[in-house]
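Student: Could you walk me through how some labels on a model are justified? I would like to see each value set against its cut-off.

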Amino acid sequence: MPQMIFVNLPVKDLEAAKAFFGKLGFSCNPQFSDENTACLVISDTIFAMLLSEPRFKEFTKKEIADSSKSTEVILALSAESREKVDELVDTALASGGSPANETMDYGHMYGRSFQDPDHHIWEVVWMDPAAVQGQQG
C-alpha cells in the first residue's frame, strides 16, 4: 500500500469549507466525514481532514493558530501544466478564496497561490518534467 498523508486543518465553518473545495473539484469521502469533519480527497494518497475548530482542539493541547494573522503551514500541490495552475487558482479566487503570494515564474517552474476562506495558504506549482529529469540524472 502506498504511503498516504492526511493533513488536518481547522475550519471555522465546515459547510462553507466543503462548498469552497467542492467548487475546486475536490470531493469528500463520506466514510471519514461527519458533522464535525470532512475528509477532502485531493488524490489517491493525499487527503485534507477539514475539522471544525472544536473538533480540531480535541487533537492538540496548543492554541489553534489564527491563520488570518500568522502562517502555520503552506500546502503545496503539483499541477500537470501551467494552465492547470491558473485554472485551479482562478477558480479558488472566484469561489471565495483570496490572493496569497506573487506569481512565481522561473520558466521551468511556475506557481501561484491562494488563501482558502480560513486563510490557509495553498500553492499550486507546475514543474517542467524535462527539468525534473535533469535534476535526477
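Student: Why is Phe-20 called buried?

Tutor: Buried means under 20% relative accessible area, with exposed over 50% and partly exposed in between (1.4 Å probe, protein chains only). Phe-20 has 2% relative accessibility, so Phe-20 counts as buried. Phe-21, also at 2%, is buried too. Do keep in mind that this is a predicted model, where local features need pLDDT of at least 70, side-chain atom pairs count only at pLDDT 80 or more, and totals for chains, interfaces and linings use all residues. Residues are numbered from 1 along each chain as its sequence is written, and side-chain values use heavy atoms, leaving out hydrogens and water.

Student: What makes Phe-20 and Phe-21 an edge-to-face pair?

Tutor: Rings of Phe, Tyr and Trp (its six-membered ring) pair if their centres lie within 6.5 Å; planes under 30 degrees apart are stacked, over 60 edge-to-face, and the rest tilted. Here the centres are 5.0 Å apart and the planes meet at 85°, so the pair is edge-to-face. Ring pairs also link Phe-20 and Phe-21 with Phe-114 and Trp-122 into a cluster.

Student: Why does Arg-112 count as buried?

Tutor: Arg-112 has 16% relative accessibility, which is under 20%, so the label is buried.

Student: What makes the link between the side chains of Arg-112 and Asp-90 a polar contact?

Tutor: A polar contact is a pair of N or O atoms within 3.5 Å; within protein, one must be able to donate a hydrogen and the other to accept it, and residues adjacent in sequence count only if both atoms are side-chain atoms. The two side chains make theirs at 2.9 Å, so the distance fits.
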